[in-house]
Amino acid sequence: MGTTNAGNVFPGAVVPFGMLSFSPETSRGNAYRTAAPGGYLYSASKIRGFSLTHMSGTGCAGGSGDIPVFPLAGEVTSSPQSDAKDELYASTYSHANEVAKPGYYKVGLDSGVSAELSATTRTGSAAFTFPADKAKTLMFRTSNSEVGSSDAQVSIDAAHRTVSGSVTSGNFCGYLASVGQRSYYTLHFVAEFDQPFKNQGTWTDTTVTPGSTQATGGTTYGADGWMPPNKGSGGYVGFDHDKSDKVTMRIGISYVSAANALANLRAENPRGTSVAVTAAKAKQTWRKQLDRIEITGGTTDQRTTFYTALYHALLHPNVFSDVNRQYWGFDQKPHYLSRGQQAQYATFSGWDVYRSQLQLVTLLEPDRAGDIAQSLFNQATQNDGIWDRWTHASGSTAVMTGDPSAPAVAGIYAFGGTNFDARGALRSLVKAATVPTAKDLSSAGKPVMSIGQRPSLDKYLALHYIPTKSNAWGGAVETLEDVTDDFALSQLAQRTGDKSTYQKFLTRSQYWQNVFNPANGGYIQNRDDNGAWPAFTPSTYDGFAEGSSAQYSWMVPHNRAGLVDAMGGTDAVNQRLDAFFKNPDGTWALTGAGELHAEMDNEPSINTPWIYNYTGRPYQTQETLRQAMNQLWNTSTGGIPGNDDLGAMSSWYVWTALGLYPDVPSRAELQVAAPLFPRAVIHRDGKTIRINAPGADAQYVQSLKVNGKTSTKPWLPESFVQRGGTLDFTLGTTPNKAWGAKDAPPSWRTGEIPFQTSTDTSRVVIAPGTTSAPVALQAHRLSGTAQDVSYTLQTPAGLTATPATGTFHVDKVGSASVTITAATGTPDGRYPITVQMKAADGTALPQVGFTVVVGQPNSFFVLREGVGISDDNSDHTDADYDGGGVSYSRQALAAAGLTAGGTGTVQGLSFTWPDVPAGEPDNVPADGQLLNLDLPAGTTTLSFIGSAVNGNQETTATLNYADGTTSQIDLSFSDWTWAVAATPSTTAT
């Protein structure tokens with residue numbers, strides 16, 4: 001389950017939160033790419049090794065997959081690094097010959113070799129059975145981690161039947177940005193065998209050295225983050241058939257040292273321990289873990305899906321400390337666990353798991369979760385105070401958006417994981433949220449891997465939102481993530497007695513209002529530095545990460561009531577939710593239905609069904625969630641709908657199947673819907689939660705009793721999690737529209753502003769000595785009651801606003817008109833206008849602005865709007881040619897002869913390249929404007945130089961002649977990413 005459809009999970013042997021995960025690396029015929037992140041793709045036909053580490057359900061190109069061990073029925077005759085298509089050192093296999101159970105994996109390869117694998121926390125056991133008529137060889141592909149390595153070494157000790165070594169790797173998502181193309185961990189291993197070696201050898205790059213016992217060398221990450229061919233090293237050992245056709249190996253790992261790897265092996269998997277014994281212990285470990293939630297009833301497929309989801313939700317983060325309490329830190333130095341900490345944990349996909357996975361872990365094991373919180377704090381302390389949002393082993397990757405450690409730590413504390421230095425963690429997180437670092441101010445890694453913990457924090461502190469041009473993946477999404485993080489800090493501060501920090505960050509948690517635009521239909525969108533709202537459609541991905549504005553606009557979990565009011569009230573929101581989850585014909589639109597609909601296979605949408613609990617329609621929460629579970633989740637290989645993201649999506653399924661959900665990730669209130677099973681018992685260290693729901697095949701809640709008392713609330717207070725209790729549901733096949741309709745879950749509204757501001761245009765064009773058409777200054781009520789709003793315009797020299805100050809009344813919406821006059825002689829240019837507004841109660845409202853373009857209407861200068869060229873040495877925030885933050889290189893254009901003010905020739909016609917200052921508009925988007933060409937007399941040929949985005953574009957233009965006639969001309973361009981991006985369109989007159 002989850003091994004196709006981009007689920008990207010792995011089937012191998014592992015224990016809960018295990019450091020070691022012994023699982024196959026499958027191949028689709030490319031030795032330099034993993035078949036799927038996680039190493040395993042059900043449709044891949046070959047296995048090229050069994051690696052010792054894995055990440056479950058990631059995106060990008062994978063990661064970890066360290067030290068693939070391959071049992072070869074034959075001899076090594078050429079370097080495996082040159083086996084580009086996995087033709088020699090891999091084997092086909094059949095799924096009929098696979099067995100996968102918790103803690104155990106077995107496969108029969110078509111080569112005749114069979115492999116059995118089992119695991120402890122830090123070690124693995126393997127038994128390889130070879131055909132009697134072929135050589136028995138075991139290969140250690142030490143350098144071939146899933147995304148390559150910068151170094152590796154292997155050492156063969158025949159006298160002690162031992163193979164040891166290490167690999168230095170990292171490079172998670174490195175192909176996306178050069179900052180990620182680096183190593184940040186070293187994995188050491190020691191393998192011991194039950195048989196003597198018949199022979200041995202090593203390889204380095206393309207050279208095989210029989211008899212050698214040492215080899216070093218990584219694959220490198222190539223020039224672009226991808227493993228190149230013919231690079232890397234490894235070793236092999238052979239065995240004599242006279243002993244046994246079965247070779248047993250025990251292997252220990254450590255991120256600190258080979259000595260620690262050996263100590264881990266001695267402690268957890270001593271000599272004489274069989275695969276069967278290790279597998280039996282792993283089975284019992286998993287039974288104990290999975291029995292923390294006991295379910296009764298449901299179909300076989302439903303129970304299988306549930307427990308598989310629970311299994312996947314309990315794989316990460318991974319134990320990272322050794323049996324001697326030592327671990328490798330983010331400062332690339334060894335450390336020991338602090339007093340009271342039982343284990344250090346690593347590999348934390350923060351953007352994914354802060355929503356519900358860590359809350360599930362804490363619900364089941366508060367003390368383990370407290371260790372996870374302490375581990376995050378330890379990492380940050382060793383990382384110059386930076387809490388990275390996506391950590392991998394002992395390194396930061398900076399992948400995704402926001403500052404997810406804040407809601408992660410606050411959520412752990414709220415759910416009872418209090419055994420960590422919460423006050424120290426709070427101080428560190430608050431500093432990171434208030435003092436910009438050099439990395440916050442850097443655009444390195446943008447968009448996917450912005451290296452700062454709070455990208456463009458300086459702008460957030462000044463503007464109270466992240467603007468369109470910033471160091472973040474997107475301004476709008478970063479603002480939404482930051483306010484979620486700020487709310488989390490307020491809650492952690494309140495729980496630890498820091499009242500001033502609580503108030504400060506509670507107020508900051510309402511900054512989402514600054515990117516909510518009522519004038520665009522009520523959506524979250526990008527906003528420029530001057531307060532202007534750029535062009536927008538709800539389907540846009542501009543400003544967002546892995547989702548559209550329509551999908552992200554719901555992401556204010558701590559203040560649903562404020563969002564509902566801002567969107568126009570419960571009736572308007574219910575209609576909008578209905579359209580979000582369903583197509584116009586009433587069919588469900590839960591995934592793949594387009595940017596205006598839900599994507600319940602990815603994190604930005606998964607909380608949204610619970611919003612009906614806030615809008616008086618809990619029954620629609622119930623039916624939407626049941627539909628999502630039934631439609632998107634099943635026991636097939638594609639039964640996880642998309643990346644499982646280290647258990648994040650599986651945790652959503654577990655919670656939802658229980659009829660509960662932590663909608664506000666930094667608090668422990670639980671949303672309530674209909675359970676999928678008639679009975680569930682959650683064991684959490686003596687505080688049991690019992691859920692009774694007879695007839696759970698019905699999806700609608702008719703009534704609920706909490707600890708024997710009738711409740712009409714579609715949510716549970718934090719005290720229920722803290723103390724445990726019993727839920728008794730009565731379910732039915734038709735909705736009880738009254739239940740829960742008047743008892744919405746809590747929202748936190750302190751710090752809201754009453755109005756949002758905007759103008760009816762972001763750009764005004766006027767010629768010197770003239771006055772513009774009226775510009776409307778607008779205010780939309782978000783909450784509260786009607787009142788007056790005052791405004792003041794600030795204009796640069798040469799421009800005058802009339803009136804420059806004033807007041808207008810706002811009920812739902814109000815506006816005032818102003819004009820801008822450019823004095824005679826005002827130089828052509830682009831001039832910013834800012835508008836300060838204030839409510840009558842003294843509340844300062846978001847600054848709004850627009851740009852005045854002074855110049856001759858319909859001239860090239862006036863019509864230039866896009867900035868498509870950036871300097872290689874800049875932060876690239878000043879240009880965006882394709883809407884995705886990518887632009888032409890000024891240096892590359894210059895190398896091609898295109899310099900500012902320079903001339904070029906196309907098909908015999910000369911042209912002048914735009915001579916505009918860096919960061920100023922340099923191109924004219926073709927969208928129906930009138931362009932005055934002012935051509936010299938006698939012109940007979942005309943050429944347009946341009947390029948298209950989002951593929952080739954074909955269109956026409958109307959050419960107006962001096963005699964009043966017109967003609968249609970071709971204005972088609974090839975996509976700008978072609979080797980020759982600019983294709984001219986010419987016409988003769």
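**Entry 1: the sheet around strand 41**

I began with strand 37 (residues 775-781) and found that six bridges join it to strand 41, the two running antiparallel. The model I consulted is predicted. Within this pairing, I noted Val818 of strand 41 as the bridge partner of Val775.

I then turned to strand 39 (residues 799-802). Strand 39 pairs with strand 41 (residues 813-822) over four bridges, in the antiparallel sense. Here I recorded Thr802 opposite Thr819 of strand 41.

I next asked in what order the strands of this open sheet lie. The four strands follow the order 35-37-41-39, with antiparallel pairing. Strand 35 (755-759) and strand 39 each have a single partner strand and stand at the edges, so one side of each lacks a neighbour in the sheet. I noted an average turn of 25 degrees between neighbouring strands, direction ignored.

I also examined the two faces of strand 39. Leu799 and Ala801 make up its covered face, whereas Thr800 and Thr802 lie on the uncovered one.

**Entry 2: helix 1**

I looked up which residues of helix 1 (residues 258-268) are buried, and found Asn260, Ala261, Asn264 and Leu265. Seen down the helix axis, these buried residues fall within an arc of 145 degrees, and therefore line one face of helix 1. An α-helix has 3.6 residues a turn, so residues three or four places apart point the same way.

On the face turned away from the buried side, I recorded the exposed residues Ala259 and Ala267. Finally, I checked what covers the buried residues of helix 1: the cover includes strand 7 (123-129), strand 11 (183-193), strand 16 (246-254) and strand 19 (326-328).

Note on methods:
Residues numbered from 1 in each chain as written. Predicted model: local features only at pLDDT ≥ 70, side-chain atom pairs only at ≥ 80, totals over all residues. Heavy atoms only, no water. Buried < 20%, exposed > 50% of the residue type's maximum accessible area, 1.4 Å probe, protein only. Pairing = 2+ DSSP bridges. Axes fitted to C-alpha atoms, helices over the stretch in contact; angles between N-to-C directions. Arc of directions from axis to C-beta. Contact = heavy atoms within 4.5 Å.
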